[in-house]
Amino acid sequence: DDGVLRVERRDGRLVEVPEADVVAAKVVAPEVSAEDMQAVAERGWPPHETAPLGGWTLRWSGGVTGRANSVRVAGSPGMPLPEALTAVERWYAERGGPALMQMPVPSAYDAALEGAGWAVARRTVLRTAPTQVLLDAAARPPAEDLHVVRMDEPSPELLELVDPGLDPVALARILTGPAERVFVEVRDPRGGLLGTGRASATSAASGRWAGVTSIATVPEARRRGIASLVMAELARWSLEHDCPRTYLQSLGANEPAGALYAFCREVDDVVDEVS
């Protein structure tokens, strides 16, 4: 932009290089693949039960959320695809749930799955950003007297706001799965809950990552900067826990989330497919 190339270092810092100083460039493979990021994200949203199927991972959490109740597709299942799909369908039928598969877009299995009668159920966008950039973009002083609170466990109000349609016990089990996590609430001077968020930290081959989830604002408090306030506090916590990079996932159709996360870089799409 404006004659300046901005390069992200491995530690998350951005370095500016004048365009006039660039004499050559080449395209290189991503340091972190879509499949790598799905594995990182799984650690931040851990399922209750897993089973391997070659390079795939079957996941089950009592039907609470798609991410924790789908097959994470990575590499080969170690058998012909028709046999793998039969094994997947049998495994989920034994648990009383639908067979779902989560995979990057595009996938080597797209045509074969479509031919076998599988269809896309929903698309989730996964974005990443240097955590310091996230903090700089989200941090701004609130226009009113608000209280930002960090917690180790989710409150009943937080669980209700995140998704009132889910079993709160099962949801809490997923949210508290990572050993390193934080819950953030923003409350008004009278103690009323205005917004929430949650972050977790994990180590992977590609380094330390923070994952942001469960950003929610009560309807009457929207467009007051509550979500940005939550995001900034989660980014501070992430930096304190040595996570130079942060990822987040949101449904592709979630327009408010897309606007909030516009400063993050979209790295890959993830598709849940249902039989």
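1. Two strands count as paired if DSSP finds at least two bridges between them. With that in hand, here are some notes on this structure, which is a predicted model. Strands β10 and β11 form a hairpin, with two residues between them. Their pairing is antiparallel and runs over nine bridges. If you would like a spot to look at, find Thr202, whose bridge partner in β11 is Trp209.

2. Strand β10 has a partner on the other side of the sequence too: seven bridges join β9 (residues 181-187) to β10, again in the antiparallel sense. Here Val184 stands opposite Gly197 of β10. The hairpin of β9 and β10 has five residues between the strands, and Gly191 takes a positive phi near 95° in this hairpin.

3. Is β10 mostly buried or exposed? Of the 12 residues in this strand (residues 193-204), 10 are buried, so β10 is largely enclosed by the rest of the structure.

4. Now to the aromatic side chains. A search of the whole structure finds four aromatic pairs. One of them is Trp60 with Tyr92: the ring centres are 6.2 Å apart and the planes stand at 70°, so this pair is edge-to-face; the angle cut-off for that label is over 60 degrees. The two residues are 32 apart in the chain and link distant parts of it, with Trp60 in strand β4 (residues 56-60) and Tyr92 in helix α2 (residues 81-94).

5. Both members of that pair are buried, a label that requires under 20% relative accessible area. Trp60 comes in at 12% relative accessibility, and Tyr92 at 0%. Together with Trp91, Trp60 and Tyr92 form one aromatic cluster.

6. Two arginines are worth a look beside the tryptophans. The charged end of Arg95 sits over the ring of Trp91, a member of the cluster just described, at 3.8 Å from the ring centre. Elsewhere in the list, Arg67 lies over the face of Trp45, and the distance to the ring centre is 4.1 Å.

7. Finally, a helix pair. How do α4 and α7 pack? Helix α4 (residues 131-138) and helix α7 (residues 226-240) have axes 8 Å apart, at an angle of about 150°. Angles over 145 degrees count as roughly antiparallel, and α4 and α7 are therefore roughly antiparallel to each other. The crossing in which α4 passes α7 is left-handed.

Methods: Residues are numbered from 1 along each chain as its sequence is written. This is a predicted model: local features need pLDDT of at least 70, side-chain atom pairs count only at pLDDT 80 or more; totals for chains, interfaces and linings use all residues. Side-chain values use heavy atoms; hydrogens and water are left out. Rings of Phe, Tyr and Trp (its six-membered ring) pair if their centres lie within 6.5 Å; planes under 30 degrees apart count as stacked, over 60 as edge-to-face and the rest as tilted. Helices (H or I, at least four residues) and strands (E, at least two) are DSSP runs, numbered from the N terminus. Buried means under 20% relative accessible area, exposed over 50%, partly exposed in between (1.4 Å probe, protein chains only). A charge sits over a ring if NZ of Lys or CZ of Arg is within 6 Å of the ring centre and within 35 degrees of the ring normal. Axes are lines fitted to C-alpha atoms, for helices over the stretch in contact, and angles run from 0 to 180 degrees between N-to-C directions. Angles under 35 degrees count as roughly parallel, over 145 as roughly antiparallel, 65 to 115 as roughly perpendicular and the rest as oblique. A crossing is left-handed if the near helix is turned anticlockwise from the far one by less than a right angle, and right-handed if clockwise.
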